[in-house]
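Student: I would like a close look at one part of this model, the sheet with mixed pairing and what packs around it. Please then place the other sheet and the helix pairs beside it.

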Amino acid sequence: MVRADEGVGFLLRYENVAWYEDGAVRILDRRIYPVRTEYVVCRHYGEVAQAIADMVTQSGGPFLAAAMGMALAAYEARDLPEAALLARLEEAADTLAHARPTTAAKMERVTARAMDAARAALAAGRTGLNLVEALRENAVNQINENYIRYEAIGKLLADKIPQGGTIMTQCFAETVVGTVLRECRRRGNLVKVICPETRPYFQGARLTASVACDMGFDVTVISDNMPGYVMEKKQVDLFTSAADVITLDGHIINKVGTFQIALAASYWGIPYYVTGSPNPSHPDCSSVVIEERDPLLVMDAMGTRTTLEGVRGYYPAFDVTPPKLCDGVITEKGIFSPFDLKRYFAS
């Protein structure tokens, strides 16, 4: 297998996202990177689910972590009779898929594919550690296919960026950050990147900016209340984000703050392109659960309390951007209007 993670930066190398080996899943702790480069080691699939819930890994990271978690579950159950082993794997699949509510439908596809791989391996006589290896191979194949898919998306997004242009991102768009910058580098287009910090976990400052810097691009971090002003002041050419969910009617559920940046982009006449694919499990917003996280986190900045005792916080993890603020949904099949996403499934 030719790995698709060449040249995309340290943070996006498969082993630095999540990796199963010798009865443990090792996950780079994105909560503290790049200040410290440390890994959370999980020796039970439930610990992998907890790491996902605790934001040890974010953006696309949980999907590889869940697939690797299924390999760990197979290791834990390797000596059980087949029926009991499959029951344990189903239990692990459910636990991992529902570690975070907003992305559960997408995660179910990851764990369902792992279950299919397990059944196929067992039918072929692969048991014990051979079954574990089959599920590890499945995890690697899933992320490799995802990177290849996003390579196509990165090329389409790169087409929209003018030579020497400036783009603004939101949160951490994971693979598309690496693939679009890799494509820009191949074309000799030394784009500039502006990253809102994305509190309270600072994914834009710590993750997106780190990948861009690691790959040799000019990158600037701004605070989350600056995008509207900075867009005009720094002549931003394009705003882009990934999406945790794109509903069939074109609504974009992504890291909270995306909506307000899309509003500012619309005001200044700057195009907003979201990357990802529409999710048939979500015909509209009514089927999406917006996760609300610990309100204490918004009163804290990297371990430092910022408010007086008695002040309350509120932390919705995602917001909803309506389709009228989006200029296009960039998928591996092409660019689609957010008002015509059913065409994605017919193409």
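Tutor: The account below starts at the sheet, follows two residues beside it, and then turns to the other elements.

The model is predicted. Its mixed sheet is open and has 7 strands in the order 6-5-4-7-10-14-15. At the two edges are strand 6 (218–222) and strand 15 (334–336), each of which pairs on one side only. From one strand to the next, the twist averages 25°. Within this sheet, strand 4 and strand 5 (residues 192–196) run parallel and are joined by 3 bridges. Across that pairing, Val193 in strand 5 stands opposite Ile167. Helix 7 packs on the sheet and touches strand 5 and strand 6, with its direction at about 170° to that of strand 5.

Just past strand 4 is a residue worth following. Thr169 sits in the loop that links strand 4 (166–168) to helix 6 (175–186). Is Thr169 buried or exposed? Its relative accessibility is 8%, and because the limit for a buried residue is under 20%, Thr169 counts as buried. Setting aside neighbours within four places in sequence, its contacts include Val193, Ile194, Cys195 and Pro196, and these four numbers fall within the range 192–196 of strand 5. Thr208, Phe239 and Thr240 are also in contact with Thr169. By contrast, Arg78 is remote from this loop: Thr169 and Arg78 are 91 residues apart in sequence, and their C-alpha atoms are 43 Å apart in space.

Thr208 leads on to helix 7, which spans residues 203–214 and includes Gln203. The relative accessible area of Gln203 is 2%, so with the limit at under 20% this residue is buried. What does Gln203 touch beyond its neighbours within four places in sequence? Its partners are Met55, Gln58, Cys171, Phe172, Glu197, Thr198, Thr208 and Lys255. Thr208 is thus a contact of both Gln203 and Thr169.

Another of those partners, Lys255, leads to a second sheet, as strand 9 covers residues 252–255. That sheet is open, with 3 strands in the order 8-9-13 and antiparallel pairing. Strand 8 (245–246) and strand 13 (318–321) form its edges, each pairing on one side only. Strand 9 and strand 13 run antiparallel and are joined by 4 bridges; one of the pairs places Asn254 across from Asp319 of strand 13. Helix 9 (residues 258–268) lies across strand 9 and strand 13, and runs at about 35° to strand 13.

The N-terminal strands come next. Strand 1 (residues 18–21) is antiparallel to strand 2, with 4 bridges between them, and Tyr20 has Val25 in strand 2 as its bridge partner. These two strands form a hairpin with 2 residues between them, where Asp22 has a positive phi near 55°. Strand 2 also pairs with strand 3 (residues 39–42), again in the antiparallel sense and over 4 bridges. In that pairing Leu28 is matched with Tyr39 of strand 3. Strand 2 itself (residues 24–28) is mostly covered, with 4 of its 5 residues buried.

Two helix pairs remain. The axes of helix 1 (residues 45–53) and helix 2 (residues 61–76) come within 8 Å and cross at roughly 165°. Since angles over 145 degrees count as roughly antiparallel, helix 1 and helix 2 fall into that class. Helix 1 passes helix 2 in a left-handed crossing. On helix 1 the contact is made by Tyr45, Val48 and Ile52, and on helix 2 by Pro62, Ala65, Ala66, Gly69, Leu72, Ala73 and Glu76. By class, this contact of helix 1 with helix 2 has 8 nonpolar, 1 polar and 1 charged residues.

The other pair is helix 3 (residues 82–97) and helix 4 (residues 104–123), which pack at about 165° with axes 8 Å apart. That angle makes helix 3 roughly antiparallel to helix 4. The crossing of helix 3 past helix 4 is right-handed. Among the residues in contact are Leu85, Leu89 and Glu90 of helix 3 and Met107, Met115 and Arg119 of helix 4. The contact of helix 3 with helix 4 has 11 nonpolar, 1 polar and 4 charged residues.

Definitions and conventions
Residues numbered from 1 in each chain as written. Predicted model: local features only at pLDDT ≥ 70, side-chain atom pairs only at ≥ 80, totals over all residues. Heavy atoms only, no water. Pairing = 2+ DSSP bridges. Contact = heavy atoms within 4.5 Å. Axes fitted to C-alpha atoms, helices over the stretch in contact; angles between N-to-C directions. Buried < 20%, exposed > 50% of the residue type's maximum accessible area, 1.4 Å probe, protein only. Parallel < 35°, antiparallel > 145°, perpendicular 65-115°, else oblique. Left-handed = near helix turned anticlockwise from the far one by under 90°. Nonpolar A, V, L, I, M, F, W, Y, C, P; charged D, E, K, R; others polar.
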